[in-house]
Amino acid sequence: MLPPDPEQGHAANYLFMLTGKRHDEPNIRALDTALNLYAEHELNASTFALRVTAGTLSDIYSAVVSGISALKGPLHGGAIDDAMRMIIEIGSVENVRPWVDRALAERRLLSGFGHRVYKTGDARAVHLRNMAHSLAESTGERTWYEIAAASEEYVRERKRLPANVDYYAAPVLYYLGFPLSLFTNFVASSRVAGWCAHALEQYENNRLIRPRARYVGPRQQPYAPVGSRQ
Ligand SMILES: CC(C)(COP(=O)(O)OP(=O)(O)OC[C@H]1O[C@@H](n2cnc3c(N)ncnc32)[C@H](O)[C@@H]1OP(=O)(O)O)[C@@H](O)C(=O)NCCC(=O)NCCS
C-alpha cells in the first residue's frame, strides 16, 4: 500500500494511493466534486439504517457498519457498478436502442435510473454528466460517455425515467481508473462523512427509533395444531 503524501489534498491522495500515479488537476477536481456530491444525502436508506443503530446507543463503528450494509444493495449504492456494467454491456452507441428495448421488454432493472424522491431528475447527475464529458474529452475515450448519454436520452424517452447520481458517477470513476469492485466502496468512503455527522446528531438528542407495524391480514383465524397444517 502506498503511504499518503502530506503535501497533497484528500482527493489527490485518494487517486494517488489508488492508482499509484499522480493525477492532473482536472482529474483531482472531478474526484473531489464526486466526493462532495456523495458526502451527505438526508435520510436515504443507509443513513436511516445508521440512525436506527445509533438510536439504540450502539457505538459509532457499528452504526457505520449498518450504513454500509444497507448501502451495498443494488437498489442503493450497489447500483453504481451495475450502471457501469450496463454501459459496458451495451458496448456501442448503435446498440443503445436495441439493448434498452430488450431490457425493458424483459422488465430488467436499469441501474442508475429512477429515484425514490427525485421523480423528474437528480441535480447531482447534471454535474457528474459534465465531468464524465470532460474526462471523455481529456482521455480521448469518448465511447463510454457517448453510450451513457445516448442511453440516458432513450430511457427517458421510452420510460420517462431520469438518470440518478450513480449513472454518471460510474463513467467518472471508470475514467479515473477505479476498478468496478471498488465503485460502491467509493460511495461509502464519501458518505462516511455524512453518516458520522448523522450519528453524532442522533447521540446528541437521542430517542430510540421504533416504528410501529399495522397488521392488515385476516383476523379471527381458527387455530390449527402444527401437525395438521398443510
Ligand atoms: C431507486 C428506485 C429503487 C426507486 O424506486 P421507486 O420509487 O419504487 O420507483 P417508481 O415508483 O418511481 O417506479 C415507477 C415505475 O418505473 C419502474 N422503474 C423504476 N426504476 C426503474 C429502473 N431503474 N429500471 C427499470 N424500471 C424502473 C418501476 O418498476 C415502476 O414500473 P411499473 O409502473 O411498471 O411498476 C428505482 O428507481 C430503482 O431500482 N432504480 C435502479 C437502482 C438505482 O439506480 N438505485 C440508486 C438510486 S440513487
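## Report on a predicted all-helix chain and its ligand site

At a relative accessibility of 35%, His133 counts as partly exposed, because this value falls between the 20% limit for buried and the 50% limit for exposed residues. His133 belongs to helix H7, which covers residues 123-139. Asn95 stands 38 residues away from His133 in sequence, and the two C-alpha atoms are 20 Å apart in space. The model discussed here is predicted.

**Overall architecture**

The chain holds 10 helices and 0 strands. Read from the N terminus, its elements follow the order α-α-α-α-α-α-α-α-α-α. Along the principal axes, the C-alpha atoms fill a box of roughly 70 × 50 × 35 Å. Of the 230 residues in the chain, 42% count as buried. Among contacts with a separation of 6 or more, 72% are made by residues 24 or more positions apart. The chain has an accessible surface of about 13700 Å², and carbon and sulfur atoms account for 54% of it.

**Nonpolar core**

The largest nonpolar core comprises 58 residues. Leu31, Leu128, Tyr167, Tyr168, Phe178 and Phe186 have the most contacts inside this core. Helix H9 (residues 165-176) supplies the largest share of the core, with 9 residues. Leaving aside residues up to four places away in sequence, Leu128 touches Ala34, Leu37, Val165, Tyr168, Ala169 and Val172.

**Ligand site**

The ligand is surrounded by 19 residues, of which Leu75, Leu110, Gly112, Phe113 and Lys119 come nearest. By class, this shell consists of 7 nonpolar, 6 polar and 6 charged residues. Backbone atoms of Leu75, Leu110 and Gly112 pair with polar atoms of the ligand at the distances tabulated below.

| Protein atom | Ligand atom | Distance |
|---|---|---|
| Leu75, backbone N or O | nitrogen | 2.9 Å |
| Leu110, backbone N or O | nitrogen | 2.7 Å |
| Gly112, polar backbone atom | oxygen | 2.8 Å |

Taken alone, the ligand exposes 870 Å², and the protein buries 65% of that area.

**Surroundings of His23**

His23 is located in the loop between helix H1 (10-19) and helix H2 (25-38). With 17% relative accessibility, His23 counts as buried, because the value is under 20%. The side chain of His23 takes part in a polar contact of 2.9 Å with the side chain of Thr19. A polar contact of 3.1 Å joins the side chain of His23 to that of Asn27. When residues up to four places away in sequence are not counted, His23 touches Leu15, Ile28 and Leu176.

**Positive phi values**

Two arginine residues are considered next. Arg107, a residue other than glycine, has a positive phi near 55°. Arg107 sits in the loop between helix H6 (96-105) and H7. The relative accessible area of Arg107 is 75%, so this residue counts as exposed, the limit being over 50%.

Arg160 likewise has a positive phi near 55° although it is not glycine. The loop between helix H8 (142-159) and H9 contains Arg160. With a relative accessible area of 73%, Arg160 is exposed, because exposed residues are those over 50%.

How values were computed: Residues numbered from 1 in each chain as written. Predicted model: local features only at pLDDT ≥ 70, side-chain atom pairs only at ≥ 80, totals over all residues. Heavy atoms only, no water. Core = buried A, V, L, I, M, F, W, Y, C linked by side-chain atoms within 4.5 Å. Buried < 20%, exposed > 50% of the residue type's maximum accessible area, 1.4 Å probe, protein only. Helix = DSSP H or I, 4+ residues; strand = E, 2+ residues; numbered from the N terminus. Contact = heavy atoms within 4.5 Å. Near = heavy atom within 4 Å. Polar contact = N/O pair within 3.5 Å; in protein donor to acceptor, adjacent residues only side chain to side chain. Areas by Shrake-Rupley, 256 points an atom, 1.4 Å probe, with all protein chains shown as cover. Nonpolar A, V, L, I, M, F, W, Y, C, P; charged D, E, K, R; others polar.
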